[in-house]
Structure formats: structure tokens, C-alpha cells
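Biologist: Please pick one stretch of this chain and take me through it closely. Begin with the whole chain, then zoom in, and keep it plain enough for a first-year student.

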Amino acid sequence: MAEENTQFQLVTFQLGEELYGVDIMDVKEIVKVQAVRPIPNAPYYVEGIINLRSEIIPIINLHKRFHIQKMVRHDEDELDDEDEGGFIILDIEGNKIGIIIDRIARVVPVETSEIKPPPQMLNGIGTEYIQGVVRQDPAYLIILDTRKLFSARELQKIIEPDAE
């Protein structure tokens with residue numbers, strides 16, 4: 001009998017005051033903040049596009065999408081490069097999409113048995129976007145379901161903003 005893989009890796013990051021995670025298999029790379037070029041007719045939560053090694057990637061602002069306050073920095077003098085935000089480049093159904101993060105955390109292993117169903121509402125993010133939550137003392141790690149972050153229609157509009 002084959003042993004079932006009950007553990008997977010999450011890339012964790014901060015958005016506002018909460019810690020989120022996405023499956024490492026959905027993450028293409030993490031890049032530092034760079035200039036984002038706005039695009040006309042894009043949905044309100046699309047910041048624009050970046051050119052990453054000759055590939056055009058739309059950048060999504062989850063703060064706007066889910067009405068999350070940006071992270072408040074308390075000790076400005078103590079910040080180092082690790083604390084600054086950036087973009088996580090995700091592969092969603094064959095499309096590369098970047099999401100803005102406040103701070104990258106780390107990669108953590110998670111046992112599938114530790115994942116609990118999400119409460120009905122978490123700081124503006126509906127349960128339809130959440131795969132589950134994992135207790136990480138003293139708080140919770142919210143696991144986002146990257147395949148449900150955008151409907152097929154929204155994904156089309158993000159990838160080709162002029163297409164109607």
C-alpha cells in the first residue's frame with residue numbers, strides 16, 4: 001500500500017496584519033518590488049504590469065481586492081531587506097500573475113491533518129478564496145486557494161484587459 005503524502009510546503013507572507021500561505025507548487029518565484037506600469041480598462045484591483053525577463057506579468061493588489069489595510073510598520077529603523085514587500089509570481093492555470101505582499105515570511109511544512117475549515121469571514125476575505133487555516137501560535141496561517149482567487153472571466157480580463 002502506497003503511503004499517502006500528508007505534508008506539503010507553503011510559501012507564507014504577510015498581507016496587512018494576517019499571515020497567509022500559498023502552495024509552493026503554485027509559486028514560480030518571489031521578486032522585489034519594482035515599477036508597475038498601469039494598464040487602462042483593468043479591474044480596480046489590478047495595479048498594472050511588470051516586465052520580468054521579457055515576460056509581461058499582471059500585478060494584482062490583494063489589499064484592494066479584499067479591502068485589507070496595508071501592514072503598519074512600527075520600527076522603521078530596524079527594517080532590513082528581508083522585511084520589505086515584493087511580488088509573489090503565481091502560476092494560475094498556466095498564466096503567470098503577480099500578487100503584492102507586505103512581507104515575505106518563510107516556507108513552512110504543513111500536515112494536511114492540521115488544516116481546519118476557515119471561519120465564515122476573515123478580514124474581508126470570503127471563505128470561497130480560502131483552502132483552510134492552520135494554527136501557528138499565536139495566530140492562524142490562512143491558506144489561500146490560488147485557483148479560486150479569480151473566476152475564469154476575471155482571469156481573462158486580467159490577462160487581456162481590453163478583451164470584453
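Modeller: Of the 164 residues in the chain, 41% are buried. Remember that this is a predicted model. The chain averages a pLDDT of 85, and 84% of the residues score at least 70. Strand β3 has the highest mean pLDDT among the elements, at 96. The lowest mean, 58, belongs to strand β9, residues 121–122. Where pLDDT is low, the predicted coordinates should not be read in detail.

The stretch to look at is the loop between β2 (18–23) and β3 (27–32), together with strand β3 itself. Here is the setting. The chain has 12 strands and two helices. Along the sequence, the pattern reads β-β-β-β-β-α-β-β-β-β-β-β-β-α. Take the contacts between residues with a separation of 6 or more: 55% of them join residues 24 or more positions apart. Our stretch gives examples of links between distant parts of the chain.

Start with the loop. Is Met25 buried or exposed? Met25 is exposed, because its relative accessible area is 66%. Met25 does not sit alone: with Ile24 and Val107 it makes a nonpolar surface patch of about 280 Å². For the chain as a whole, the exposed area is about 9,800 Å², and carbon and sulfur atoms supply 48% of it.

Now look at Asp26. At 7% relative accessibility, Asp26 counts as buried, because the cut-off for buried is under 20%. What does this acid pair with? Asp26 forms a salt bridge with Arg147, and their closest N and O atoms are 3.0 Å apart. Asp26 is in the loop between β2 and β3, while Arg147 is in the loop between β12 and α2, so the pair ties together parts that are 121 residues apart in sequence. The partner is not buried: Arg147 has 45% relative accessibility and counts as partly exposed.

Move on to strand β3. The side chain of Lys28 meets that of Asp91 in a salt bridge, with 3.8 Å from N to O. Lys28 is in strand β3 and Asp91 in strand β6, 63 residues apart, and the pair links these distant parts of the chain. Lys28 is partly exposed, at 43% relative accessibility. Asp91 is partly exposed too, at 23%.

Glu29 brings in another link. Its side chain meets Arg53 in a salt bridge, at 2.5 Å from N to O. Glu29 lies in strand β3 and Arg53 in the loop between β4 and β5 (55–60), and the two are 24 residues apart. Arg53 is exposed, at 61% relative accessible area. For the chain, the count comes to seven salt bridges.

What follows β3? The loop between β3 and β4 (46–52) holds Asn41. Asn41 is not a glycine, yet its phi is positive, about 65°. That deserves a look, because most residues other than glycine have a negative phi. Asn41 is exposed, at 57% relative accessibility. Glu93 has a positive phi as well, near 50°. Glu93 is in the loop between β6 and β7, and Glu93 counts as exposed at 57%.

Last, step inside. In soluble globular proteins, nonpolar side chains tend to be buried together. The largest nonpolar core here has 27 residues, and those with the most contacts inside it are Phe13, Ile60, Ile88, Ile99 and Phe150. Among the elements that give two or more residues to this core are β2, β6 (86–92), β7 (95–101) and α2 (152–159). Ile99 shows how the chain comes together: beyond its neighbours within four places in sequence, its contacts include Phe13, Ile60 and Leu62. Gly86, Phe87, Ile88 and Leu90 are also in contact with Ile99.

Back to the stretch. Met25 is exposed, whereas Asp26 is buried. The salt bridges of this stretch reach Arg147, Asp91 and Arg53.

Methods: Residues are numbered from 1 along each chain as its sequence is written. This is a predicted model: local features need pLDDT of at least 70, side-chain atom pairs count only at pLDDT 80 or more; totals for chains, interfaces and linings use all residues. Side-chain values use heavy atoms; hydrogens and water are left out. Patches are made of residues with over 30% relative accessible area and no salt bridge: like charges are joined within 9 Å, nonpolar side chains (Val, Leu, Ile, Met, Phe, Trp, Tyr) within 5 Å. Accessible areas come from the Shrake-Rupley method with a 1.4 Å probe; for residues, only the protein chains shown count as cover. A salt bridge is a side-chain nitrogen of Lys or Arg within 4 Å of a carboxyl oxygen of Asp or Glu. Helices (H or I, at least four residues) and strands (E, at least two) are DSSP runs, numbered from the N terminus. Buried means under 20% relative accessible area, exposed over 50%, partly exposed in between (1.4 Å probe, protein chains only). pLDDT is the predictor's confidence in each residue, from 0 to 100. A nonpolar core is a set of buried Ala, Val, Leu, Ile, Met, Phe, Trp, Tyr and Cys residues joined through side-chain atoms within 4.5 Å. Contact means heavy atoms within 4.5 Å.
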